[in-house]
Amino acid sequence: MSPMTRASGHTPARERLLEAAARVFYGEGIRSTPVDRVIAEAGVTRATLYRHFAGKEELVLAYVEARDQAVRANADAAAEAVDEPRDVLRALGDGVAAEICRPGFRGCPFINAAAEYPDPEHPVRRAVQAHRAWFHEVLTDMLARTGHPEPESAAHTLAMLRDGAMVAGYLETPDAVRVHLARAIETVLTQE
């Protein structure tokens with residue numbers, strides 16, 4: 001748990017607040033969404049919000065951290081489902097492709113949050129950077145395990161492909177992006 005977030009446990013009301021925040025922050029934007037909108041969506045009182053979070057900024061941080069934990073859990077599941085590191089990387093690509101093709105997709109929640117919090121020292125932006133650092137580490141490790149000659153450089157390439165796919169998936173035809181992403185991942189994986 002972040003030092004900024006109150007240690008109030010995972011109560012049903014807190015979970016409803018986080019679920020509502022995820023829906024409205026992702027669907028409508030973080031800064032443009034008033035805290036009252038999240039409270040109404042969650043079906044809780046203002047006092048309940050403040051019992052769990054000191055204010056909107058803590059709720060935003062908890063939302064970003066919850067998204068991070070969900071992505072990490074999906075990555076762990078992909079790694080457990082297959083033995084071959086190349087297949088793990090392909091599965092991560094498939095996960096991105098599935099996300100961009102789902103109804104209501106509005107781009108990467110981390111890129112969206114970073115755009116709304118441009119100060120690199122803000123706790124929300126630091127949480128986004130921590131997520132990206134973790135993701136880069138996972139990619140580098142998997143690429144090294146494949147015997148890739150330049151795992152660090154290739155990890156940067158795959159991360160940029162993911163970022164580009166997330167943006168293109170929102171702006172273009174998601175199915176076409178899925179195909180191009182899979183091809184690009186294969187190109188990176190077959191570099192000698």
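Start by selecting Cys 108 in this predicted model. Is Cys 108 buried or exposed? Cys 108 counts as buried, because its relative accessibility is 2%, below the 20% cut-off for that class.

Now add Cys 101 to your selection and show its side chain. Cys 101 has a relative accessibility of 26%, so this residue counts as partly exposed.

With both cysteines on screen, draw a distance between their sulfur atoms. How far is the sulfur of Cys 101 from the closest cysteine sulfur? The closest one belongs to Cys 108, 15 Å away, which is too far for a bond. A disulfide needs the two sulfur atoms within 2.5 Å. Looking from the other side, Cys 108 is in no disulfide either, and the nearest cysteine sulfur to it is that of Cys 101. Over the whole structure, the search finds 0 disulfides.

Next, move on to the largest pocket. Select Val 71, Asn 74, Gly 95, Val 96 and Glu 99: among the 17 lining residues, these lie nearest the pocket's centre. The space in this pocket comes to about 330 Å³.

To see what surrounds that space, colour the helices one by one. Helices H4 (56–81), H5 (85–100), H6 (109–116), H7 (123–146) and H8 (151–171) each give two or more residues to the lining. Which of the elements gives the most? That is H4, with 6 residues, so give H4 a colour of its own.

For a last view, colour the pocket lining by residue class. You should find 11 nonpolar residues, together with 3 polar and 3 charged ones.

Methods: Residues numbered from 1 in each chain as written. Predicted model: local features only at pLDDT ≥ 70, side-chain atom pairs only at ≥ 80, totals over all residues. Heavy atoms only, no water. 1 Å grid on protein atoms, 1.4 Å probe; cavity = no way out; pocket = protein on both sides within 12 Å on 5 of 7 lines; lining within 4 Å. Points joined across faces, edges and corners; volume = space filled by probe spheres on them. Helix = DSSP H or I, 4+ residues; strand = E, 2+ residues; numbered from the N terminus. Nonpolar A, V, L, I, M, F, W, Y, C, P; charged D, E, K, R; others polar. Buried < 20%, exposed > 50% of the residue type's maximum accessible area, 1.4 Å probe, protein only.
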